[in-house]
Amino acid sequence: MTMCDDVLDAVELIASGELTPDEQTAAHLTTCASCASALEAARRLEALLRQRPVAAPPPQFTSRTMARIRRARWRNEQVIDWVFNVVLVAVAVMVAAGLWTIASRSGLTSVNSEALDLLATATKTIVRRVSPSLPLYALATALLVSALGIWWWAERDTAI
Amino acid sequence: MEPDHERELVERCRRGEVGAFEELVDQYKNLVFAMIMRTLPDRSNAEDVAQDVFLRIHRGLPYFRGEARLSTWIYRIVVNVCTQDRGRGTPPLSLDDADARVSTPAAVDRHAENLELRDRLEKAIAQLPAQYRLLIAAHYLRGVQYEELAEAMGLPLGTVKTQLHRAKRQLRVLLETDLK
């Protein structure tokens, strides 16, 4: 390795001030135009890198970031809710199936069919009596659904 | 930010205190944004990438054990985001493309010459590997220490210094004619 190779290897360190050239290197730099030019270039590069502009984030950066975090969190909560509901329904179906199996094995299903007939008759009677007020109930249900819909929509953006 | 203040802020975020994470974003947004702007060859989506960083910080805070400083952990996330798929496949920019090599008349002032040189420096930096770009970006930001960079990148301190040295040498070679 020649002296030039050694010096060229160190010019970045000398330019950044991390290395002070020893006497031999300093003497070489005064006599070798190529190495002196490389050091000058490295110094200019160092100065340019130090002067590189620092970009500032846009003024609304924090609020936009927080809004994005809220949206991401809301989506996660929706997924968790959905999974929870599916599990709940699955458990309810399994419990119902289990009860039905127990009932059929113990002979309770015949009693159940009579009970179902009784329930159907009672439902028909209730429907006959309530039918004049059905439009009112439908309106109330629609209002409730709308209110729940609005609440769901509003919570989507404000939840954190 | 002082280490004690960092720990306190992390605790407040973990407790879900209102405004704590917003404070964290405010504290680190300048540094994160500057690093990303200096590292990504395509700066048009820098805000999206910076938001990704804070989204990851938000998700990761419950698992942050506090073994490293918060700032080091944040640098690590920036490093991961910047060195992942973004920036890959960026066509290498030619330093000699028509826009950059507009021949300047002899009477052109020093200011215009400097602007052109800075533009060519940015193009040269864009040609470096992502890791080198990041090192160049972070090292020249005030307050970022060699040690923190090394820890964030999972590299020995000596390797970080060597890579930075190589990155600068590559830049000097790329800009050889301009720097003379």
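The expected span of a helix is 1.5 Å times one less than its number of residues. Keep that rule in mind for the second view of this predicted model.

**View 1. Chain B is built from helices.** Welcome to chain B, where you can find eight helices and zero strands. Read from the N terminus, the order is simply α-α-α-α-α-α-α-α. Of the 180 residues in chain B, 30% count as buried. Now think about contacts in chain B between residues with a separation of 6 or more: 68% of these join residues 24 or more positions apart.

**View 2. Helix α2(B) has a bend at Y28(B).** How far apart are the end C-alpha atoms of α2(B)? They are 28 Å apart, and this agrees with the expected span of 28 Å, because the helix has 20 residues at 1.5 Å a residue. Follow the helix along to Y28(B) and you will meet a bend of about 50°.

**View 3. Chain B meets chain A.** Here 30 residues from chain B and 24 residues from chain A make up the contact. On the side of chain B that touches chain A, at least two residues each come from α2 (20-39), α3 (46-60), α5 (110-126) and α8 (157-174) of chain B. Which helix gives this side its largest share? That is α2(B), with nine residues.

**View 4. The residue classes on the side of chain B that touches chain A.** Sorted by class, this side of chain B holds 15 nonpolar residues, 11 charged residues and four polar residues.

How values were computed: Residues are numbered from 1 along each chain as its sequence is written. Chains are lettered from A and ligands numbered from 1 in the order in which they are written. This is a predicted model: local features need pLDDT of at least 70, side-chain atom pairs count only at pLDDT 80 or more; totals for chains, interfaces and linings use all residues. Helices (H or I, at least four residues) and strands (E, at least two) are DSSP runs, numbered from the N terminus. A residue is buried if 20 or more other C-beta atoms lie within 10 Å of its own, exposed if 12 or fewer, and partly exposed in between; C-beta atoms are placed from the backbone. Two residues are in contact if their C-beta atoms, placed from the backbone, lie within 7 Å. Ala, Val, Leu, Ile, Met, Phe, Trp, Tyr, Cys and Pro count as nonpolar, Asp, Glu, Lys and Arg as charged, and the others, Gly among them, as polar. The bend at a residue is the angle between axes fitted to the seven residues ending there and the seven starting there.
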